[in-house]
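These are my notebook entries on one structure. I set down what I looked up, beginning with the ligand and ending with the chain as a whole.

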Amino acid sequence: MNRTTQLRWRRMEETDLPPVVMLDKACQGNAWNIGHFRDELSRGEAGYSRVLEDPEIGVVGYLCAWLVVDELHIGTIGVDPELRRRGLGRGMLQQAHQWASNRGATAAHLEVRSGNVAAVSLYESLGYRKVGVRRGYYADNGEDASLFFADLVPSRSNPE
Ligand SMILES: CC(C)(COP(=O)(O)OP(=O)(O)OC[C@H]1O[C@@H](n2cnc3c(N)ncnc32)[C@H](O)[C@@H]1OP(=O)(O)O)[C@@H](O)C(=O)NCCC(=O)NCCS
């Protein structure tokens, strides 16, 4: 059976936060605490926080992003380590891009640890290009952040 066919992409709710924080810990060593995710839920119309849910095992992916005028900023994204390399991360980002395009966004940007090969490859596969570096950005190990930018095609059709 292909598990990924049963997955549901839906709004992140307050009750999702404990499993999201656990998954974030597995993905990124608790880069964000529950307060960070809660702040995302309070962004209102400018915020895009979603989970990917498996009906049997619960939350297997998450993404938080927000609009700054006509640009989408990707805040965080993670996929259950057991379900990687199946196109889920790409699909989640594409959903966020579509949501932002439907609201007239013309660009997307994010920062990522320079040594995060999986994430950098994912972003490049979706047309992101490196536009800068923040030296020593990550406090835990002094790693640089690479800044990535992608053009989006604004389309105000089919708003969610
Ligand atoms: C980055 C992450 C979200 C990717 O999720 P994923 O579902 O495995 O990604 P996808 O299957 O959609 O991969 C899409 C493309 O990204 C690239 N990619 C993904 N993982 C890769 C890896 N480990 N090595 C090299 N390229 C990789 C490939 O180009 C891949 O396409 P392909 O499988 O057709 O070759 C996932 O690895 C993750 O959760 N990492 C930990 C959290 C994290 O680093 N988040 C980003 C913080 S900025």
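Entry 1, the ligand. I worked from a predicted model. I looked up the surroundings of the ligand and found 20 residues around it. The closest of them are R84, G89, R90, S121 and L122. I then asked which elements give two or more residues to this shell. They are the helix α1 (17-28), the strand β4 (71-79), and the helices α3 (88-101) and α4 (117-125). Among these contributors, α4 gives the most, with 6 residues.

Entry 2, the character of the shell. I sorted the residues around the ligand by type and recorded 9 nonpolar, 7 polar and 4 charged.

Entry 3, the elements of the chain. I noted 4 helices and 7 strands. I then followed the sequence from its start and wrote down the pattern β-α-α-β-β-β-α-β-α-β-β.

Entry 4, the overall form. How does the radius of gyration of the chain stand against that of a compact globule? For 160 residues, a compact globule would have a value near 15 Å, and the chain has 15 Å, so the two agree. I also looked up the box filled by the C-alpha atoms, which is roughly 45 × 40 × 30 Å along the principal axes.

Entry 5, burial and contacts. I found that buried residues make up 27% of the 160 residues. For this entry I counted a residue as buried if 20 or more other C-beta atoms lie within 10 Å of its own. I turned last to contacts with a separation of 6 or more, and noted that residues 24 or more positions apart account for 60% of them.

Technical notes
Residues are numbered from 1 along each chain as its sequence is written. This is a predicted model: local features need pLDDT of at least 70, side-chain atom pairs count only at pLDDT 80 or more; totals for chains, interfaces and linings use all residues. The radius of gyration is taken over C-alpha atoms; the globule rule is 2.2 Å times the number of residues to the power 0.38. A residue is buried if 20 or more other C-beta atoms lie within 10 Å of its own, exposed if 12 or fewer, and partly exposed in between; C-beta atoms are placed from the backbone. Two residues are in contact if their C-beta atoms, placed from the backbone, lie within 7 Å. A residue is near a molecule or strand if its C-beta atom, placed from the backbone, lies within 6 Å of it. Ala, Val, Leu, Ile, Met, Phe, Trp, Tyr, Cys and Pro count as nonpolar, Asp, Glu, Lys and Arg as charged, and the others, Gly among them, as polar.
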